[in-house]
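Here's a quick briefing to read with the model open in your viewer. It goes from one loop residue out to the whole chain and back to some side chains worth a look.

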Amino acid sequence: MLALPTNLANAINAQMNLERLNEAYYDALAVQMQFVNLDGASRFFEASAREEHSHYARMRDYLIDRNVLPALGAVSAPTINATTLATGVKAAQERERITTQAIDDLYDLAEESGDNQTCQFLLWFVEEQTRSERELLDLAAKISRVGSGLGEQWLDSELGAKAN
C-alpha cells in the first residue's frame, strides 16, 4: 500500500472533523425540536447525529488503515435557531450542502493525487451525500405541502415512526 500523501491525509482529517461537527449540529437540532415539542423530528435528527458519527468513524478508521494517526480537532457548539420543522430541515439542508461540497473537493484532491484507494473509499460518501440531500429535499417538499399546525404535527409523527 502506498503512503497517503500528506496533503490528502490532512484533508481527510479535516473532513473527519467536519463529520464530528455535523454530529454536534444534528444533536443541537434534535434538542431544539424536542424543546418545541416536535418529538418525531427530534428522533429523526438524533438518528442523523448517529449517522454522522458513523461517517466520522469511517474516516478515522480509513486514516488508521492508511497508517495515519487521526487528529481530532475541537468541535465547537453549533449555533442554530430552529423553532419549526421547516427551519430545522432548512438548517439540515444547508449543513448537507456544505458537506457535499467538502466531499466533492476531497474526491477531486484524491483524484489529482492519483490515490485510487482514497477515490474508491470516497465513492461511498458521494453516494451517501446524494441520498441525504434527496431525503431532505423530499422532506422540505412535504413540509411545504402540509404547512404548519396539524400538517406539521402529522409529519412530525411520520418522522418519529421513520426514526424508530
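Leu72 is exposed, with its relative accessible area coming out at 52%, and the cut-off for calling a residue exposed is over 50%. You'll find Leu72 in the loop between H2 and helix H3 (85-112). Keep in mind that this is a predicted model.

**Leu72 and its surroundings**

- Exposed or not, Leu72 does have partners: skipping neighbours within four places in sequence, Leu72 is in contact with Met16, Asn17, Arg20 and Tyr56.
- For a sense of scale, take Leu72 and Glu158: they sit 86 residues apart in sequence, and their C-alpha atoms are 36 Å apart in space.

**The chain as a whole**

- What is the chain built from? It has five helices and zero strands, so reading from the N terminus the elements go α-α-α-α-α.
- The C-alpha trace spans about 55 × 25 × 25 Å along its principal axes.
- The chain has 164 residues, and 42% of them count as buried.
- Take the contacts in the chain with a separation of 6 or more: 82% of them come from residues 24 or more positions apart.

**H1 against H2**

- Helix H1 covers residues 6-35 and helix H2 covers residues 39-65; their axes come within 8 Å and cross at roughly 165°.
- That angle makes H1 roughly antiparallel to H2, because anything over 145 degrees falls in that class.
- As for handedness, the crossing of H1 and H2 is left-handed.

**Two asparagines with positive phi**

- Some background first: most residues other than glycine have a negative phi.
- Asn37 goes the other way, with a positive phi near 65°. Asn37 belongs to the loop between H1 and H2, and it is exposed at a relative accessible area of 57%.
- Asn67 also isn't a glycine, and its phi is positive at about 65°. Look for Asn67 in the loop between H2 and H3.
- Is Asn67 buried or exposed? Asn67 is exposed, because its relative accessible area of 72% is over the 50% cut-off.

**Asp156, a buried acid**

- Asp156 lies in helix H5, which takes in residues 150-163.
- Which side chain of opposite charge is nearest to Asp156? That would be Arg43, 6.5 Å away, and Asp156 is buried yet has no salt bridge. The 6.5 Å gap to Arg43 doesn't qualify because a salt bridge needs the charged atoms within 4 Å.
- Leaving out neighbours within four places in sequence, Asp156 is in contact with Asn37, Leu38, Asp39, Gly40, Ala41 and Leu85. One of these, Asn37, is the exposed loop residue with the positive phi described above.

**Glu128, another buried acid**

- Glu128 is part of helix H4, residues 116-146.
- Why does Glu128 count as buried? Its relative accessibility is 10%, and the cut-off for buried is under 20%.
- Not counting residues up to four places away in sequence, Glu128 touches Glu51 and His55.

Terms used:
Residues numbered from 1 in each chain as written. Predicted model: local features only at pLDDT ≥ 70, side-chain atom pairs only at ≥ 80, totals over all residues. Heavy atoms only, no water. Helix = DSSP H or I, 4+ residues; strand = E, 2+ residues; numbered from the N terminus. Buried < 20%, exposed > 50% of the residue type's maximum accessible area, 1.4 Å probe, protein only. Lys, Arg positive; Asp, Glu negative; His and termini not counted. Contact = heavy atoms within 4.5 Å. Axes fitted to C-alpha atoms, helices over the stretch in contact; angles between N-to-C directions. Parallel < 35°, antiparallel > 145°, perpendicular 65-115°, else oblique. Left-handed = near helix turned anticlockwise from the far one by under 90°.
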